[in-house]
Amino acid sequence: MPLLSFLLYIFVTSFTPGPNNIMAMLFANKYGLRKTTKFCLGVGAGFLVVMLLCSYFNVLLQNSIPKIEFFMTVLGAIYMVYLAIKIILSKDDDKNNDENRNNSFFMGMLLQFINPKGILYGITAIATFILPYHNSNFSLIMYSLLLAFVGFVSTFCWSLFGSVFQKFLSKYKSQFNIVMALLLMYSAVSILIK
């Protein structure tokens, strides 16, 4: 296995902006790091399930991807646009109403199943770097754990950033929300025109 290429791929793909990272940063900015940790844990758990599915059903997925890729891409893009609109329209007074619904373990986990970046990341990493070299149950589970752990760490780092710069970001809340919404819109458009 080309280890350096594999590590560069998972680092760059995991730490670049995407729905997980942007939402984690926004939640940490709005609710604080402690309350956002459950969202990050949900992202990690959901990501682990997706990575295990990619590992064990990669052959099936490769045969089915042409049939479902367009639907998943459109659904993921619509969800990202919805999140972007929610970010732009968010107000401080809806803080308590949204916190339990959106900043939760369940929402973090659920996001992974409609996150095209994460699913395509898993399929690509496993098909390109793992299955050609390792196909034992132990290897597939360990690599899935590694990919999920890196996904959790990247999401937590973005949360930490949102938390550390909370005062600064609160001062420029509307500008920050617009930038984050535009990044989500960019992500949505980029997966549609790939």
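A125 is about as hidden as a residue can be scored here: with a relative accessible area of 0%, A125 counts as buried. This comes from a predicted model, and A125 sits in helix α7. Leaving aside residues up to four places away in sequence, A125 touches Y9, I130 and L147. F6 is another residue to look at from here, since 119 residues separate A125 and F6 along the chain, yet their C-alpha atoms are 7.5 Å apart.

Y9 and F6 lead straight to the pairing of two helices. Helix α1, residues 3–15, and helix α7, residues 116–130, have axes that come within 11 Å and cross at roughly 180°. With angles over 145 degrees counting as roughly antiparallel, α1 is therefore roughly antiparallel to α7. On the α1 side, the contact is made by S5, F6, Y9, I10, T13 and S14. On the α7 side, K117, L120, Y121, T124, A125, F129 and I130 take part. A125 thus turns up again in this helix pair, as do F6 and Y9 from α1.

Helix α7 also holds P116. P116 has 5% relative accessibility and so falls in the buried class, for which the cut-off is under 20%. The C-alpha atoms of P116 and S187 lie 10.0 Å from one another, with the two positions 71 residues apart in sequence terms.

Next comes A188, a residue of helix α10, which spans residues 173–192. A188 is buried too, its relative accessible area being 2%. Not counting residues up to four places away in sequence, A188 touches A77, M80 and V81. Take A77 from that set: A188 and A77 are 111 residues apart in sequence, but 4.4 Å apart in space from C-alpha to C-alpha.

Pairs like these fit the picture for the chain as a whole. Among contacts between residues at least 6 apart in sequence, 88% join residues at least 24 apart. The fold behind this is built from ten helices and zero strands, so that, as helices and strands are assigned here, the pattern along the sequence reads α-α-α-α-α-α-α-α-α-α. The protein chain has 194 residues, and 44% of them count as buried.

That leaves the outside. The accessible surface of the protein chain comes to about 10300 Å², and carbon and sulfur atoms account for 72% of that area. One nonpolar surface patch covers about 1000 Å². The residues making up this patch are V49, L53, Y56, F57, F106, L110, F113, F138, I141, M142 and L145. Three elements give two or more residues to the patch: α3 (33–56), α6 (105–111) and α8 (137–164). Helix α8 supplies the largest share, with four residues.

L53 serves as an example from this patch, and L53 belongs to helix α3. Its relative accessibility is 38%, which means that L53 counts as partly exposed, the class that lies between the 20% limit for buried and the 50% limit for exposed. So the chain offers both ends of a contrast: L53 is partly exposed, whereas A125 is buried with 0% relative accessible area.

Methods. Residues are numbered from 1 along each chain as its sequence is written. This is a predicted model: local features need pLDDT of at least 70, side-chain atom pairs count only at pLDDT 80 or more; totals for chains, interfaces and linings use all residues. Side-chain values use heavy atoms; hydrogens and water are left out. Buried means under 20% relative accessible area, exposed over 50%, partly exposed in between (1.4 Å probe, protein chains only). Contact means heavy atoms within 4.5 Å. Accessible areas come from the Shrake-Rupley method with a 1.4 Å probe; for residues, only the protein chains shown count as cover. Patches are made of residues with over 30% relative accessible area and no salt bridge: like charges are joined within 9 Å, nonpolar side chains (Val, Leu, Ile, Met, Phe, Trp, Tyr) within 5 Å. A salt bridge is a side-chain nitrogen of Lys or Arg within 4 Å of a carboxyl oxygen of Asp or Glu. Axes are lines fitted to C-alpha atoms, for helices over the stretch in contact, and angles run from 0 to 180 degrees between N-to-C directions. Angles under 35 degrees count as roughly parallel, over 145 as roughly antiparallel, 65 to 115 as roughly perpendicular and the rest as oblique.
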